[in-house]
Amino acid sequence: MTNTDNTAANANEPRILDQIVEEIQGVVAKMDEGDLKAATDVITRNSRVYAAGEGRSGFQARSFAMRLMHIGYTSYMMGETICPSMHEGDVLLAISGSGTTRRTVEDAEAAKKLGVKVIAVTSKPASPLGEAADAVIVVPGRVKGEAGGSIQLLSSLFDQSVHIALDALCLMLSRRDNVSDADAEAQHANVE
């Protein structure tokens, strides 16, 4: 087969990008926006918000912490050298698709003992992470170790859907707090 023959044979298959978008839309359609509302009730304007997650969930946690900073919150990433101690009244948002990631669950359980409110972001609300949480954002995307449910590798579908869910959460917080795009722009890095 030549390249032309391969292109003709693949012309009848859906584009991979379209398939990925369709998968994400399927996950988002199954999400309960009430979960996001419950999380906004936990995060107050005076809350210091800590984000936790390992691997790709950690990347999503970092993205969330950055966006919170843009909308005027004091936010930290667990495990960073500049992360201060937690206290009662603080909030921990912890991400684990399986809800069993050892360090993330340990962080959530230790935070609870300090009187910190915990928001879990997981596909498994009945997991140890979900059970430790005050609010759970259920993102029903396929996670690492599960078969089927996605053309993508490992937990890509979960990670992508978490990013959208947490951006939606930040939008809800910014609307509640009357934070404009210009306000967020003023908080954005200006030396880069």
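Colleague: At what angle do the axes of α2 and α7 cross?
Modeller: Roughly 60°, with the axes coming within 10 Å. Helix α2 covers residues 16–30. The model is predicted, so local features need pLDDT of at least 70 and side-chain atom pairs 80 or more, while totals for chains, interfaces and linings use all residues. Numbering starts from 1 along each chain as its sequence is written, and side-chain values use heavy atoms, without hydrogens or water.

Colleague: How are α2 and α7 oriented to each other?
Modeller: The two helices are therefore oblique (under 35 degrees is roughly parallel, over 145 roughly antiparallel, 65 to 115 roughly perpendicular, the rest oblique). Axes are fitted to C-alpha atoms over the stretch in contact, with angles from 0 to 180 degrees between N-to-C directions.

Colleague: Is the crossing of α2 and α7 left-handed or right-handed?
Modeller: Right-handed (near helix turned clockwise from the far one by less than a right angle; anticlockwise is left-handed).

Colleague: Which residues make the contact?
Modeller: From α2, Ile20, Glu23, Ile24, Val27 and Val28. From α7, Leu157, Gln160, Ser161 and Ile164. Contact means heavy atoms within 4.5 Å. By class, that contact has 6 nonpolar, 2 polar and 1 charged residues (Ala, Val, Leu, Ile, Met, Phe, Trp, Tyr, Cys and Pro are nonpolar; Asp, Glu, Lys and Arg charged; the others, Gly among them, polar).

Colleague: Switching helices. At what angle do α4 and α7 cross?
Modeller: Roughly 15°, again with axes that come within 10 Å. Helix α4 spans residues 55–70 and α7 spans residues 156–176. The pair is therefore roughly parallel. α4 passes α7 in a right-handed crossing.

Colleague: And which residues of α4 meet α7?
Modeller: Arg56, Ser57, Gln60, Ser63, Phe64, Arg67 and Leu68. On the α7 side there are Ser156, Phe158, Asp159, Val162, His163, Leu166, Asp167, Leu169, Cys170 and Leu173. This contact of α4 with α7 splits into 8 nonpolar, 5 polar and 4 charged residues.

Colleague: How many cavities of 30 Å³ or more are there in the whole structure?
Modeller: The search finds 1. The largest cavity holds about 40 Å³. On a 1 Å grid over protein atoms alone, a cavity is where a 1.4 Å probe fits but cannot get out; a pocket is open, with protein on both sides within 12 Å along at least five of seven lines; lining residues have an atom within 4 Å of a point. Volume is the space filled by probe spheres on points joined across faces, edges and corners.

Colleague: What lines the largest cavity?
Modeller: Gln60, Ser63, Phe64, Arg67, His163, Leu166, Asp167 and Cys170. The elements giving two or more residues are α4 and α7. The cavity lining counts 3 nonpolar, 3 polar and 2 charged residues.

Colleague: Pockets next. How much space lies in the largest pocket?
Modeller: About 310 Å³. It is lined by 18 residues; Glu54, Ser57, Thr101, Lys144 and Ser155 lie nearest its centre. α4 and α7 each supply at least two of the lining residues. That lining has 5 nonpolar, 9 polar and 4 charged residues.

Colleague: What volume has the second largest pocket?
Modeller: About 230 Å³. Of its 13 lining residues, Arg67, Ile71, Ser180, Asp181 and Ala184 are closest to the centre. Two or more residues each come from α4, α7 and α8 (181–187).

Colleague: Which element gives the most to the lining of the second largest pocket?
Modeller: α7, with 4 residues. The second largest pocket's lining has 5 nonpolar, 4 polar and 4 charged residues.

Colleague: How are helices numbered?
Modeller: From the N terminus, as DSSP runs (H or I, at least four residues; strands are E, at least two).
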